[in-house]
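Hi everyone, thanks for making time. I'd like to walk you through a structure that you may not have seen before, so have a look at it first.

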Amino acid sequence: MEERHTIKLVIAGRTYTKVLNQEQEAIARKAAKRLEDNISNLGSMYPSVSALDILTVVALNESMEVLRLQQGQSSDSKDLKRLADDLQKYVDSIE
């Protein structure tokens with residue numbers, strides 16, 4: 001069983017504790033950095049907007065990106081299945 005350990009992540013000035021394995025830790029740290037970068041960018045573009053509104057927009061943008069990638073994967077899976085079927089038909093036709 002993979003070793004799990006506790007890490008601390010700082011997002012929007014608040015510290016969050018997570019218990020993760022090593023692979024998850026790397027992903028969590030990249031995600032926290034990405035969130036911090038997005039929060040910082042939006043905060044500097046819209047200094048009069050509340051922190052809650054900035055966080056909401058960042059969460060929305062990240063969710064939209066996840067959904068876009070999931071749709072792309074679904075489409076890719078369908079394309080691969082179609083190509084596999086086409087290849088099988090071709091192999092069957094030359095046998």
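**Salt bridges and a helix pair**

Let's start in helix H1, residues 22-45, where Glu-25 and Arg-29 sit four residues apart, so about one helical turn separates them. Their side chains meet in a salt bridge, at 3.0 Å from N to O. Before I go on, a word of caution: what you're looking at is a predicted model.

Now, is Glu-25 buried or exposed? Glu-25 counts as buried, because its relative accessibility is 17% and the cut-off for buried is under 20%. Its partner, Arg-29, comes out at 39%, so Arg-29 counts as partly exposed.

As background, side chains of opposite charge can pair when their charged atoms come close. How many salt bridges does the structure hold? The answer is four, and I'll take you through some of them.

Staying in H1, the side chains of Lys-33 and Asp-37 form another salt bridge, again given as 3.0 Å, N to O. Here too the two residues are four apart in the helix, about one turn. Asp-37 has 33% relative accessibility, which means it's partly exposed.

Over to helix H2, which covers residues 51-94 and contains both Glu-65 and Arg-68. Those two are three residues apart, about one turn of the helix, and their side chains meet in a salt bridge of 2.7 Å, N to O. Glu-65 is partly exposed, with a relative accessible area of 27%. Arg-68, at 48%, counts as partly exposed as well.

Okay, so how do the helices sit together? In general, two packed helices are described by the angle between their axes and the distance between the axes. What are those values for H1 and H2? The angle is about 125°, and the axes are 10 Å apart. That angle makes H1 oblique to H2. The crossing of H1 and H2 is right-handed.

Which residues meet there? On the H1 side we have Arg-34, Leu-35, Asn-38, Ile-39, Leu-42 and Gly-43. From H2 come Ile-54, Leu-55, Val-57, Val-58, Glu-62 and Glu-65. Sorted by type, the residues of this contact are seven nonpolar, two polar and three charged.

One to look at again is Glu-65: it's in the contact with H1, and its side chain also meets Arg-68 in that salt bridge within H2.

That's my tour, and I'm happy to take questions.

Conventions. Residues numbered from 1 in each chain as written. Predicted model: local features only at pLDDT ≥ 70, side-chain atom pairs only at ≥ 80, totals over all residues. Heavy atoms only, no water. Buried < 20%, exposed > 50% of the residue type's maximum accessible area, 1.4 Å probe, protein only. Axes fitted to C-alpha atoms, helices over the stretch in contact; angles between N-to-C directions. Parallel < 35°, antiparallel > 145°, perpendicular 65-115°, else oblique. Left-handed = near helix turned anticlockwise from the far one by under 90°. Contact = heavy atoms within 4.5 Å. Nonpolar A, V, L, I, M, F, W, Y, C, P; charged D, E, K, R; others polar.
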